[in-house]
Amino acid sequence: MTTTALEPAPPADLVREALRLDRAPAAEVVAWAADRFGAGLTLTSSFTDCVLLDVVTRVVPDVDVVFLDTGYHFPETLAYLDLVRDRYDLRLRVLAPETGPDDRWRTDTDACCAARKVQPLARALEGRAAWVTGLRRSETAARAMAPVLSWDERRGLVKVNPLATWTDADVAAYAAGRDLPRHPLEAAGFRSIGCWPCTRATRPGEDARAGRWPGTGKTECGLHL
Ligand code: SF4
C-alpha cells in the first residue's frame, strides 16, 4: 500500500464522485477510497457490530482501524473488540482520552463526549487523508442525507460512508450471510451501543438509536456533526 499525502482541500471531483458512487455497492466505494488514498485511509469502529470492518477488510485487509476507548464502554464491548480484532487480525489503534474518570457524563454530556470522543478522534485523524465510518441514512433523521463521500471541513479530510444507503435489514442480511459474530448485548435488546452510562436497551417499535442518551434530547456525540 502506498502512502498518500493529506488532502489540503476538497478534491475537485469529490461531488461528482459522490454522485457517481451514491448507489454503488459498498465494496466499490471502499475500493475507490483505497485507490485514491492508499495508506492514508483510517476506519473508525465502535465495535457494536463488525459489518463495516468486514466490508472494508475484504478490500483493504491492513486498513488502519481506530477505536475510541472512552473509559466507559461496556465490558461486553471490550470483549467483542478482542474477538473481532483476533478474527480479522486487525491493525488496531485504541485511543484513550487525555482525561481520567470523572462525573461529566452526569452533568454535561456534550463536554464528556468532547473530551472522550471528539478530541481523541481529532488526534487519531491527524495527518490522515480519509476517514471511513459506518454512518447510515436510515439511522436517524439527522443522518437521512448523509452522502457516500463528503469533505469533513472540521478535520480537513474526506469522509467515506460506504454503508450510507444500507437499511437495518441490509445490515442484518449481510451479517447473517457472512456469519459475523454479534455483540453480546444485542440479544438483550441493545441495538446501538455506546458508553454504559448513556445507553439502554431499546423497546419494540423504537428506533435503534433511541437507547442513546435517553431522556436528554441528545442524539449525536459530536463525531458526525
Ligand atoms: S456517551 Fe456518555 S459517557 Fe460516553 S463520552 Fe459521551 S457523555 Fe461521556
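1. Which residue takes a positive phi just after H6? In this predicted model, that residue is Gly127, whose phi is about 80°.

2. The helix that ends before this point, H6, spans residues 109-125; it has 17 residues and reaches 23 Å from its first C-alpha to its last, which is close to the 24 Å expected at 1.5 Å a residue. H6 nevertheless carries a kink of about 35°, and the kink is centred on Ala115.

3. Several residues of H6 are buried, among them Cys112, Cys113, Arg116, Lys117 and Pro120. The buried residues of this helix pack against the strands S1, S2, S3 (91-95), S4 and S6, and also against helix H5 (104-107).

4. Around the ligand there is a shell of 13 residues, with Trp105, Cys112, Cys113, Cys195 and Cys198 the closest. Helix H6 supplies the largest share of this shell, 5 residues, and by character the shell divides into 8 nonpolar, 3 polar and 2 charged residues.

5. The largest nonpolar core has 42 residues, and those with the most contacts inside it are Ala33, Leu41, Val56, Ala130, Val132 and Val160. Elements giving two or more residues to this core include H2 (26-37), H4 (75-88), H6 and S4 (130-132), while the largest share, 6 residues, comes from H2.

6. As for Val56, once its neighbours within four places in sequence are left aside, this residue is in contact with Val30, Leu43, Val63 and Val132. A second core, separate from the largest, has 5 residues, including Trp105, Cys112, Cys113 and Cys221; of these, Trp105, Cys112 and Cys113 are also among the residues closest to the ligand.

How values were computed. Residues are numbered from 1 along each chain as its sequence is written. This is a predicted model: local features need pLDDT of at least 70, side-chain atom pairs count only at pLDDT 80 or more; totals for chains, interfaces and linings use all residues. A residue is near a molecule or strand if its C-beta atom, placed from the backbone, lies within 6 Å of it. Helices (H or I, at least four residues) and strands (E, at least two) are DSSP runs, numbered from the N terminus. Ala, Val, Leu, Ile, Met, Phe, Trp, Tyr, Cys and Pro count as nonpolar, Asp, Glu, Lys and Arg as charged, and the others, Gly among them, as polar. A nonpolar core is a set of buried Ala, Val, Leu, Ile, Met, Phe, Trp, Tyr and Cys residues joined through C-beta atoms within 7 Å. A residue is buried if 20 or more other C-beta atoms lie within 10 Å of its own, exposed if 12 or fewer, and partly exposed in between; C-beta atoms are placed from the backbone. Two residues are in contact if their C-beta atoms, placed from the backbone, lie within 7 Å. The expected span of a helix is 1.5 Å times one less than its number of residues. The bend at a residue is the angle between axes fitted to the seven residues ending there and the seven starting there.
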